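Please open the model in your viewer and keep a selection panel at hand, since this tour moves from one interface to another and says at each stop what to select.

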Protein chains: 4
Amino acid sequence: MIKAGIIGATGYAGGELVRILTGHKGVEIKWYGSRSYIDQKYYQVYQNMFRIVEDVCKDDNLEQLAEEVDVIFTATPQGFLAGLLNEEILQKVKVVDLSADYRIKDVGIYEKWYKIEHKSPQFIQEAVYGLCEINRGQITEQTRLVANPGCYTTCSILTAYPLIKEGLIDADSLIVDAKSGTSGAGRGAKVPNLYCEVNENIKAYGVGNHRHTPEIEEQLGYAAGRPLTISFTPHLVPMNRGILVTEYARLIPGEDGSLPSYEEIRAVYDKYYAGEKFVRVLDQGVFPETKWVEGSNFVDVNFVIDDRTGRIVMMGALDNLVKGAAGQAVQNMNLLFALPESEGLELVPCFP
Amino acid sequence: MIKAGIIGATGYAGGELVRILTGHKGVEIKWYGSRSYIDQKYYQVYQNMFRIVEDVCKDDNLEQLAEEVDVIFTATPQGFLAGLLNEEILQKVKVVDLSADYRIKDVGIYEKWYKIEHKSPQFIQEAVYGLCEINRGQITEQTRLVANPGCYTTCSILTAYPLIKEGLIDADSLIVDAKSGTSGAGRGAKVPNLYCEVNENIKAYGVGNHRHTPEIEEQLGYAAGRPLTISFTPHLVPMNRGILVTEYARLIPGEDGSLPSYEEIRAVYDKYYAGEKFVRVLDQGVFPETKWVEGSNFVDVNFVIDDRTGRIVMMGALDNLVKGAAGQAVQNMNLLFALPESEGLELVPCFP
Amino acid sequence: MIKAGIIGATGYAGGELVRILTGHKGVEIKWYGSRSYIDQKYYQVYQNMFRIVEDVCKDDNLEQLAEEVDVIFTATPQGFLAGLLNEEILQKVKVVDLSADYRIKDVGIYEKWYKIEHKSPQFIQEAVYGLCEINRGQITEQTRLVANPGCYTTCSILTAYPLIKEGLIDADSLIVDAKSGTSGAGRGAKVPNLYCEVNENIKAYGVGNHRHTPEIEEQLGYAAGRPLTISFTPHLVPMNRGILVTEYARLIPGEDGSLPSYEEIRAVYDKYYAGEKFVRVLDQGVFPETKWVEGSNFVDVNFVIDDRTGRIVMMGALDNLVKGAAGQAVQNMNLLFALPESEGLELVPCFP
Amino acid sequence: MIKAGIIGATGYAGGELVRILTGHKGVEIKWYGSRSYIDQKYYQVYQNMFRIVEDVCKDDNLEQLAEEVDVIFTATPQGFLAGLLNEEILQKVKVVDLSADYRIKDVGIYEKWYKIEHKSPQFIQEAVYGLCEINRGQITEQTRLVANPGCYTTCSILTAYPLIKEGLIDADSLIVDAKSGTSGAGRGAKVPNLYCEVNENIKAYGVGNHRHTPEIEEQLGYAAGRPLTISFTPHLVPMNRGILVTEYARLIPGEDGSLPSYEEIRAVYDKYYAGEKFVRVLDQGVFPETKWVEGSNFVDVNFVIDDRTGRIVMMGALDNLVKGAAGQAVQNMNLLFALPESEGLELVPCFP
């Protein structure tokens with residue numbers, strides 16, 4: 001039985017980790033870290049867990065945790081883990097970090113977009129970017145530190161990856177218009193996240209400077225084989241869960257000037273995803289909806305070729321707290337401990 | 001492996017049956033009945049089931065179904081099953097009926113409230129009212145027909161049952177003010193159920209004549225040991241899932257005129273529910289919220305003694321599609337086949 | 001042109017005052033008081049007012065305000081106005097207080113339910129309870145201080161008032177089950193009011209101890225001609241605006257034991273409300289819905305006689321920010337300055 | 001007093017016309033046309049209008065209507081008006097058509113995208129496209145037929161118009177990602193518009209083939225001085241009202257390769273909109289939110305220059321039922337009768 005500790009267990013992503021690990025046969029949660037609720041019963045914070053979790057919340061003690069568990073999940077603000085991580089810890093325990101601290105290989109880019117100094121850049125190179133469908137081979141029992149991808153990034157990357165990897169679209173023409181439910185904003189008590197401010201409303205935010213932009217660019221840049229610059233615009237949608245991305249790119253015409261056919265594009269998606277349990281390429285003409293993946297680890301993707309404009313419209317949907325956070329973290333943990341990759345993740349989407 | 005068939009598999013309750021049975025280790029769904037979608041892939045109706053269910057929808061053939069499966073779930077309009085059920089079918093297969101056809105023992109009351117003629121009253125006495133926490137002993141491998149309780153009724157009854165059973169409240173003073181999410185209205189395309197009509201709105205409906213009233217009265221009457229008349233008012237709430245009931249009743253004072261204490265009332269709830277997996281009596285001062293039971297088979301209950309008025313306010317919450325319909329139906333099936341009662345129902349509530 | 005000042009102009013009720021007064025021909029807002037946003041443009045707090053209001057927010061200076069305006073609206077926390085009001089101010093300016101400070105005549109009850117000391121009880125007797133439909137005669141050009149009723153109370157009282165006044169129901173049997181949109185909780189940044197906590201959820205709160213209880217009891221007690229004790233339970237509903245109350249009471253039978261007829265009850269409602277612009281008694285069988293009054297100063301009421309139980313179910317709906325707060329405050333202001341009572345309040349409900 | 005008739009008065013756009021015209025001093029509604037509700041009281045369909053509108057619904061008789069009123073609003077399905085309009089009618093009455101029948105000058109394009117035959121193409125050239133801010137000069141007392149623009153199109157065009165008109169962006173690079181509330185789908189009883197299907201969900205639809213595409217292309221083509229092809233993708237958002245568009249285009253660099261500055265772009269927006277009452281160019285860094293224009297005739301616009309990609313991101317928000325339909329129709333009517341353009345449209349947005 002793997003022993004797990006969670007730092008930040010009372011945020012929304014932390015809560016989802018608890019929900020998922022509770023149903024995971026090979027894991028036992030030994031530490032519910034939550035600085036705000038120390039010594040309170042965990043279920044008093046999340047009453048859905050009443051009669052399911054009896055433990056109390058503990059302080060965020062990374063050193064002690066490293067002694068007591070096999071894997072630590074950090075669902076914490078940016079900079080938290082980078083400020084505490086050290087070699088001793090990594091020698092004792094595996095870490096799956098749900099923050100952005102080790103996602104970006106170029107520390108200068110990290111510091112520029114996140115506007116904080118990185119306190120432990122020495123671990124950045126070692127960290128594996130935990131997008132399992134793409135980097136599965138690098139997430140092994142030898143891996144010590146996994147940078148769990150961002151919610152928008154997971155959705156944005158997986159939706160476009162096959163076409164960029166195969167050179168079918170002009171990567172610099174890529175525009176990602178993303179829409180997210182409100183749990184992505186976290187559980188902090190701020191006026192813009194109040195019910196009455198979000199409900200019956202939609203808005204863009206972080207236009208031109210959202211922090212997931214360089215993360216998408218870096219990963220899709222690896223696929224393209226060269227650096228990329230993309231447009232990324234997130235929007236806040238009045239719903240709890242779910243991310244939908246709508247991505248636009250110029251299709252590269254063949255030598256005769258014609259665009260690829262539906263079948264050709266579809267074959268490329270199938271090449272990468274036919275064997276992937278958690279990526280569902282929908283039937284032709286069926287577009288992703290966030291409700292269809294709610295509560296599950298699925299990413300649904302599809303596309304439309306627009307002959308009029310020479311562009312392709314790609315769409316992807318996931319649950320930001322599952323495949324966009326806690327579910328993917330568990331998927332990474334399964335790989336780290338050589339468990340079946342879908343263990344604990346056979347979550348059937350809930351509709352309606 | 002138990003073979004199950006579902007009639008009405010593409011309604012919301014039917015869909016929830018599919019979701020739950022998909023995760024049940026001892027059952028295999030052999031028949032997805034849906035007159036509206038015959039020969040269509042089930043997942044084309046509910047894309048959340050894409051890559052999970054590959055079967056096509058079939059017609060509603062009860063005779064044939066009885067040959068092929070061990071248990072039939074009917075998630076159908078009132079009168080449907082009563083019009084088709086016969087002795088041959090019941091000799092071959094167990095039936096769990098999610099409609100109201102066999103819930104009310106007095107056929108006159110059924111016909112008066114439902115305004116339809118009952119076509120097979122001969123099975124009413126045999127049918128067991130499948131409120132497991134109360135009637136568990138009667139739901140056995142010998143039982144052929146289970147009348148699965150209504151959503152409002154399950155919540156209303158379980159919230160008040162211990163106090164009525166023990167004679168602590170004046171049963172005739174009982175007022176049930178119930179609030180339901182919109183999935184309770186079903187998937188029929190009607191103007192009052194459109195998004196724009198329900199959203200940002202709350203209303204009462206069926207005031208004084210909702211069909212769940214006699215069902216509550218009958219069952220609580222058994223508990224009281226005499227016939228009861230109650231007030232029941234349902235409301236439509238802008239959310240997908242969940243029922244909350246707020247119940248008011250006069251506490252019967254002791255001989256010295258004093259009201260029972262919190263501890264005394266609590267002890268009565270514990271007497272009936274301490275051993276029940278699916279009924280959670282919350283801590284003092286914590287009131288049920290529908291979100292805390294969403295997606296699970298739990299009923300959360302609690303109460304407040306109001307010394308000023310001499311009344312008690314009881315509250316209960318459940319997910320109308322799970323404990324209020326499909327989950328309870330599976331709980332009944334488990335009892336019918338002597339499986340562990342919570343098999344397939346270890347569903348952790350999803351928050352947020 | 002009446003000059004008005006608002007203290008607490010950036011809360012939800014204050015914002016609604018601004019919206020309504022902006023369309024009022026006889027009033028000019030001279031002071032947008034908001035301690036939290038001093039010197040910021042009002043429209044920067046509420047961008048809906050961009051290009052409509054150019055003023056900046058000012059501090060909460062009641063003394064100075066009394067010099068500059070004819071009427072002050074205080075949309076402030078309990079105890080704020082009571083702590084500042086004095087005779088000099090009242091000699092210079094009329095005050096419409098949207099808080100509870102002067103609603104309850106018995107200062108002991110106020111202090112017990114609000115758990116604060118009342119700092120200026122000398123003005124309580126003078127204050128007029130501004131429920132216009134009932135106290136219209138007392139709200140005149142001579143009145144200096146109006147206690148604007150609470151949102152739940154306005155709805156609860158108006159729904160039951162005619163029947164209590166005429167002695168048709170047993171006032172002690174009255175149970176008020178109330179449901180409110182989330183703007184009633186104010187704009188404070190608290191976790192329970194976050195979008196993800198409220199959305200897809202319904203709960204009771206303040207069971208047995210909500211502060212609007214004694215206010216309802218006092219006012220309905222005047223109607224009954226004796227003190228009353230009622231049950232009042234508020235619920236939080238996932239919508240921005242709107243209150244629905246469902247009220248239960250025992251009908252007093254006639255000498256022959258028969259209940260009053262629909263026509264008799266209807267006649268009593270008409271006696272009180274037929275001439276009231278803002279109270280709409282709906283047609284028989286049509287139940288109030290909060291969406292039908294949204295954005296308007298209407299209260300919609302109706303009732304059902306339940307012969308089975310001998311009870312009547314009364315229902316009422318209003319917009320908590322309009323008739324439940326700012327609209328009623330403007331209605332009071334109109335009376336204070338002998339303007340047409342509906343001036344600025346000809347707001348057509350917005351649907352959907 | 002102008003006499004107005006509405007065909008399709010019980011759809012959502014028709015209902016909004018009634019709401020707005022009810023508050024318009026210069027107009028009287030003489031005809032509430034609704035084939036589905038003939039002889040029913042209008043308020044029985046929309047109870048928000050109880051005690052405000054006493055008329056009954058009438059059949060859709062265009063001939064008779066032309067005798068009785070000065071202006072007809074048609075809020076009807078595509079093809080309805082085109083099938084009935086004739087010269088006699090237009091000689092008697094002005095028509096503001098909220099459908100798409102006369103919006104597109106090239107009847108071939110209309111028939112291709114709408115997949116219906118146009119029955120009265122002889123009036124297409126005469127019809128004026130009623131986007132007041134752009135075509136104001138053509139909407140006069142001489143105009144007989146106004147093609148009221150679509151909801152998505154109004155928002156999409158006004159957001160990009162100044163930059164295309166002034167040649168600051170590469171018009172062929174324009175991508176419009178649009179998000180709409182559900183009232184845009186109308187009041188038809190269809191499963192995809194049910195509450196439970198829309199709530200907690202977001203999806204794209206009509207990808208690559210939505211009918212507003214050629215309308216946007218035609219109008220922006222006039223601004224560009226040449227035909228355009230754009231990408232347009234609408235999304236369904238769980239809210240009642242509101243459209244947000246996020247538009248992406250390549251900025252045309254100056255001769256020195258540098259991009260225009262914020263101030264230069266802003267000056268262009270101000271050139272076109274500084275004098276427009278209903279278009280609000282927000283302050284720098286403030287992005288449009290649909291909630292800020294709800295219930296009003298405003299369009300809020302703003303933009304961000306993305307130096308990294310050389311693109312500009314333009315955003316626009318309106319209420320689809322007001323500026324996107326009924327409000328704009330009234331604005332057109334005001335121009336047709338030489339009334340003040342904002343008469344009846346001084347609607348303050350409602351927040352929250």
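Begin by selecting chain A together with chain D, between which about 4,000 Å² of area is buried, with carbon and sulfur atoms giving 56% of that figure. Bear in mind throughout that this is a predicted model. On the chain A side, pick out Glu200(A), Ile202(A) and Arg308(A), the residues that lose the most area to chain D and that together account for 18% of what that side buries. If you then extend the selection to every residue in contact, you should have 50 residues of chain A and 50 residues of chain D.

Next, show the side chains of Lys203(A) and Glu289(D), which form a salt bridge whose closest N and O atoms lie 3.9 Å apart. The count of salt bridges between chain A and chain D is 6, and across this interface there are also 26 residue pairs in polar contact, both residues of each pair being at pLDDT 80 or more.

Now colour chain A by secondary structure and look at the elements that give two or more residues to the side touching chain D: the strands β8 (175-180), β9 (203-204), β10 (231-236), β11 (243-250), β13 (299-306) and β14 (311-318), and the helices α8 (195-198) and α9 (212-224). Of this side, the largest share, 4 residues, comes from β8(A). Colouring by residue class instead divides the side of chain A that touches chain D into 22 nonpolar, 14 polar and 14 charged residues.

For the second stop, hide chain D and bring up chain C beside chain A, where the contact takes 19 residues from chain C and 19 residues from chain A. The area buried between chain C and chain A is about 1,700 Å², and carbon and sulfur atoms give 58% of it. Which three residues of chain C should be selected here, as those that supply more of the area chain C buries against chain A than any other three? They are Leu194(C), Tyr195(C) and Cys196(C), which supply 39% of that area.

Then select Arg187(C) and Glu197(A), whose side chains meet in a salt bridge at 2.8 Å, N to O; the count between chain C and chain A is 2 salt bridges. Residue pairs in polar contact number 12 between these chains, with both residues at pLDDT 80 or more. Finish on helix α9 (residues 195-198) of chain C, which with 4 residues gives the most to the side of chain C that touches chain A. By class, that side has 9 nonpolar, 6 polar and 4 charged residues.

Technical notes
Residues are numbered from 1 along each chain as its sequence is written. Chains are lettered from A and ligands numbered from 1 in the order in which they are written. This is a predicted model: local features need pLDDT of at least 70, side-chain atom pairs count only at pLDDT 80 or more; totals for chains, interfaces and linings use all residues. Side-chain values use heavy atoms; hydrogens and water are left out. Contact means heavy atoms within 4.5 Å. Buried area is the accessible area (1.4 Å probe) that two parts lose on being put together, summed over both. A salt bridge is a side-chain nitrogen of Lys or Arg within 4 Å of a carboxyl oxygen of Asp or Glu. A polar contact is a pair of N or O atoms within 3.5 Å; within protein, one must be able to donate a hydrogen and the other to accept it, and residues adjacent in sequence count only if both atoms are side-chain atoms. Ala, Val, Leu, Ile, Met, Phe, Trp, Tyr, Cys and Pro count as nonpolar, Asp, Glu, Lys and Arg as charged, and the others, Gly among them, as polar.
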